[in-house]
Structures are given as structure tokens and as C-alpha cells.
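This briefing introduces one structure to a reader who has not met it before. Please look over the sequence and the model below before turning to the notes.

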Amino acid sequence: EGMADIALIIEQLKTQKDNVHRDVDEDIDEGVGDLEDEDERKPLQMAILGRQNVGKSTLVNTLLKSERVLAGPTPGLTRDAIAVEWA
């Protein structure tokens with residue numbers, strides 16, 4: 001419980017993200033959407049905000065399936081903004 005609920009939500013979000021990407025790709029393939037150049041497609045930008053020690057860094061690492069952000073029991077361990085690619 002707790003983390004299991006978060007893991008379930010993360011999996012649901014991944015599925016939704018994949019579905020959106022598939023739908024957008026299908027629309028582009030069908031000529032719907034007015035993209036002149038693929039360079040005009042911009043990546044999603046997302047911020048994860050919250051109080052200290054609530055699991056923001058752990059959430060990012062879980063989403064990325066990688067230890068990209070320092071995470072631990074010490075408050076304020078992750079201080080700097082980071083940019084990561086999520087494919």
C-alpha cells in the first residue's frame with residue numbers, strides 16, 4: 001500500500017502517454033495537424049513540486065527507471081533543478 005498505489009498510477013500514466021503519442025503520430029500520418037517541420041514538435045515540460053522529503057526525487061527516478069536524481073532520507077538532498085529526457 002502507499003508505494004504500490006503510486007506504482008499503479010505511474011503505470012497508468014505511462015500507458016496514457018504512450019496512447020497520446022500513438023494518437024498524435026496517427027494524426028500526423030493522416031495529414032491532420034499542420035506541422036511544417038518535425039523540429040516544431042516540442043517536448044513536454046513538466047515540473048514536480050512539493051514539500052521536502054515527500055518522494056519527488058524517488059518519483060522521477062521511478063518514472064525514468066534510472067537513478068538520475070539523488071534520493072534519500074536527508075531533507076533538502078536534491079536542491080537543483082534538473083532536466084531529463086523521458087522517452
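Isoleucine 28 is partly exposed, because its relative accessible area is 32%, between the limits of 20% and 50%. The model is a predicted one, and isoleucine 28 belongs to its helix H1, which covers residues 3–29. The points below take up the surface, the pockets, the salt bridge and a loop residue in turn.

**Nonpolar surface patch**

- Isoleucine 28 joins Val20 and Val24 in a nonpolar surface patch of about 210 Å².
- A residue needs over 30% relative accessible area to enter such a patch, and isoleucine 28 has 32%.

**The largest pocket**

- The largest pocket holds about 1400 Å³ of space.
- Its lining consists of 44 residues, and those nearest the centre of the pocket are Met46, Ile48, Val60, Ile82 and Val84.
- Helix H1 and helix H2, the latter formed by residues 56–64, each contribute at least two residues to the lining of the largest pocket.
- The element that gives the most to this lining is H2, with 6 residues.
- By character, the lining of the largest pocket comprises 23 nonpolar, 13 polar and 8 charged residues.

**The second largest pocket**

- The second largest pocket contains about 330 Å³ of space.
- It is lined by 17 residues, and Ile6, Ile10, Leu13, Leu59 and Leu63 are the closest to its centre.
- H1 and H2 are the elements that supply two or more residues to the lining of the second largest pocket.
- In this lining H1 gives the most, with 6 residues.
- The lining of the second largest pocket is made up of 12 nonpolar, 3 polar and 2 charged residues.

**Leucine 63 and isoleucine 10**

- Leucine 63 is located in helix H2.
- With a relative accessible area of 12%, leucine 63 falls under the 20% limit and is therefore buried.
- The C-alpha atoms of leucine 63 and isoleucine 10 are 7.0 Å apart, although 53 residues separate the two in sequence.
- Both residues are among those closest to the centre of the second largest pocket.

**The salt bridge**

- The whole structure contains 1 salt bridge.
- This salt bridge links lysine 14 with glutamate 11, and the closest N and O atoms of the pair are 3.4 Å apart.
- The two residues are about one helical turn from each other, because they stand 3 residues apart in helix H1.
- Lysine 14 has a relative accessible area of 13% and so counts as buried, whereas glutamate 11, at 42% relative accessibility, is partly exposed.

**Arginine 51 in the loop**

- Arginine 51 is placed in the loop between H1 and H2.
- A residue is exposed when its relative accessible area is over 50%, and arginine 51 therefore counts as exposed at 71%.
- Arginine 51 and proline 75 lie 24 residues apart in sequence, and their C-alpha atoms are 9.5 Å apart in space.

Conventions: Residues numbered from 1 in each chain as written. Predicted model: local features only at pLDDT ≥ 70, side-chain atom pairs only at ≥ 80, totals over all residues. Heavy atoms only, no water. Patch = residues over 30% accessible without salt bridge, like charges linked within 9 Å, V, L, I, M, F, W, Y side chains within 5 Å. Areas by Shrake-Rupley, 256 points an atom, 1.4 Å probe, with all protein chains shown as cover. Salt bridge = Lys/Arg side-chain N within 4 Å of Asp/Glu carboxyl O. Helix = DSSP H or I, 4+ residues; strand = E, 2+ residues; numbered from the N terminus. Buried < 20%, exposed > 50% of the residue type's maximum accessible area, 1.4 Å probe, protein only. 1 Å grid on protein atoms, 1.4 Å probe; cavity = no way out; pocket = protein on both sides within 12 Å on 5 of 7 lines; lining within 4 Å. Points joined across faces, edges and corners; volume = space filled by probe spheres on them. Nonpolar A, V, L, I, M, F, W, Y, C, P; charged D, E, K, R; others polar.
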